Amino acid sequence: MSATVRSYAAVDLGASSGRVMVGRVGPDSLELSEAHRFPNRPVRVPEGLRWDVLGLYAGVLDGLKAAGSHCGGRLDSVGIDSWAVDYGLLDADGTLLGNPVHYRDSRTEGVAEKVWATVPAAELYTATGLQYAPFNTLYQLTAARSTAQLAQARRLLLVPDLLTYWLTGEQGTELTNASTTQLIDPRTRDWAYDVASRLGIDLDLFAPLRRPGDPAGLLRGEALEETGLAGPVPVTAVGSHDTASAVAAVPASGERFAYICTGTWSLAGLELDAPVLTEESRAANFTNELGLDGTVRYLRNIMGLWLLQECVRAWGETDLGALLLEASKAPALRSVVDAGDAAFLAPGRMPERIAEACRVSGQPVPESPAEVTRCILDSLALAHRKAVQDAQRLAGHAVDVVHVVGGGTRNALLCQLTADACGLPVVSGPTEAAALGNVLVQARAHGLVGDLAGMRRLLVNTQPLTRYEPRGGTERWHAAQARLARQ
């Protein structure tokens, strides 16, 4: 192997599983392979829903050991990305005070109204640019205000920063993930000091901010021993919010593109140079999160393939390929539901809940799995269309193409329907966008790739991409969108 090709481990943690991927990067090459996958099983204890962060850390160590076996015992760097908003609290000795609370825990119910009594929702949006979500870190900290654990805490580390600390002994707060706390000003890319002060949140709990590409320390001796890696092994701060890493791996050229990061959620929006902080943007439920190189991820959260995943779980053993083929033959846009409706957030009985939503709205009720699946995919494509349209209008930023990245790229029917609904070509891929973005930031820190545009050129030249052209006009989609708005 050429000496200019280096090996990087991307630790990519999701809500149900984690994995360690190995990326081999050269000036004109980029290869990715999976070294290790492990479950992420939250645990319900008497005080609520918690993450098993010790199990996650064990999985990370096992994964780095497996990654090393792929690379002759040597890695040039390690980077960690994960879901957002959740955190661990450390005492004055740097010891974890308890397992991090899961963002689906009920402790934040009714907390937003208490926050808005001090900082009205409109002011909060102007200051932080974040859409309302009950689990944002700001609301979690407000809910924890009177707890003994928070009183004892001397440091707060977001999940990927906590794991980085255990690997290196060094503490930091990576910016793209910090921007999801609702405590960052997206204009200054620094803490929203006034918001924190008014709400009684001590920003000294947070470690100093890091940017993607900053050094985050070296693997401790104990970590080297556990993994069998030959030191020194640097750890590099990446876009530690997995969506930030995924958007960094959108294989776009120029600025006139929209993206949809697909999986359990669909995150649909634009990459901008500045946040959009208008009241109209707040009312449309768009969020401004920070990305690489001064960019802003202006996007809307959509329920995503969670709807189909829950239906498949309810149906039992299912041939997904055969199901999608049958769904492709089902009548188009016969029934649609609001894919952003919080009524679909909880697990359980998803086929019945979708059928009931259609019944209540006076639409034909889908009965077979194929009909339910077609309803879901049409509804997701419709939600993608509306998000892309609204983002362009609110930001004054027109696009010529939609890039779909993440797990949903495997669903060709959804990609085609998204092209049809948007009336724009869809470029699908890469599937492993978060891990690739993680790897590329590490490689850039070592001088193997250039700026964000250079990273994206390397993706275009090395990753399989599929293009879907829109079929027919968008009139029927416009009609379906109007029908949904009347429900």
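Visitor: Why does the span of 39 Å for α15 agree with its 27 residues?

Guide: This is a predicted model. At 1.5 Å a residue, counted for one less than the number of residues, the 27 residues of α15 should span 39 Å. The end C-alpha atoms of α15 are 39 Å apart, so the two values agree.

Visitor: What makes α15 largely enclosed by the rest of the structure?

Guide: Of the 27 residues in α15, 20 are buried, so the helix is largely enclosed by the rest of the structure.

Visitor: Which helix gives the most to the largest nonpolar core, and which residues have the most contacts inside that core?

Guide: The largest nonpolar core has 87 residues, and those with the most contacts inside it are Leu138, Leu307, Ile354, Leu380 and Val402. Helix α15, residues 369-395, gives the most to this core, with 12 residues. Apart from this core lies another, of 40 residues, with Ala9, Val20, Leu167 and Val235 among them. In soluble globular proteins, nonpolar side chains tend to be buried together.

Visitor: Which residues does leucine 380 touch?

Guide: Not counting residues up to four places away in sequence, leucine 380 touches Ile302, Gly304, Leu305, Leu307, Ala339 and Leu414.

Visitor: How do you know whether cysteine 358 is in a disulfide?

Guide: A disulfide needs two cysteine sulfur atoms within 2.5 Å. The nearest cysteine sulfur to that of cysteine 358 belongs to cysteine 375 and is 4.1 Å away, so the pair does not meet the cut-off. Cysteine 375 is likewise in no disulfide, and the structure holds zero disulfides.

Visitor: Why are cysteine 358 and cysteine 375 called buried?

Guide: Buried means under 20% relative accessible area. Cysteine 358 has 0%, so it is buried. Cysteine 375 has 2%, so cysteine 375 is buried too.

Visitor: What comes just after α15?

Guide: Glycine 396 does, with a positive phi of about 60 degrees. Histidine 397 lies in the loop between α15 and β19.

Visitor: Is histidine 397 called buried or exposed, and why?

Guide: Its relative accessible area is 16%. The cut-off for buried is under 20%, so histidine 397 is buried.

Visitor: What makes the pair of glutamate 255 and histidine 397 a polar contact?

Guide: The backbone oxygen of glutamate 255 lies 2.9 Å from a polar atom of the histidine 397 side chain, and the cut-off is 3.5 Å. Leaving aside neighbours within four places in sequence, histidine 397 is in contact with residues including Glu255, Arg256 and Leu270.

Terms used:
Residues are numbered from 1 along each chain as its sequence is written. This is a predicted model: local features need pLDDT of at least 70, side-chain atom pairs count only at pLDDT 80 or more; totals for chains, interfaces and linings use all residues. Side-chain values use heavy atoms; hydrogens and water are left out. A nonpolar core is a set of buried Ala, Val, Leu, Ile, Met, Phe, Trp, Tyr and Cys residues joined through side-chain atoms within 4.5 Å. Buried means under 20% relative accessible area, exposed over 50%, partly exposed in between (1.4 Å probe, protein chains only). Helices (H or I, at least four residues) and strands (E, at least two) are DSSP runs, numbered from the N terminus. Contact means heavy atoms within 4.5 Å. A polar contact is a pair of N or O atoms within 3.5 Å; within protein, one must be able to donate a hydrogen and the other to accept it, and residues adjacent in sequence count only if both atoms are side-chain atoms.
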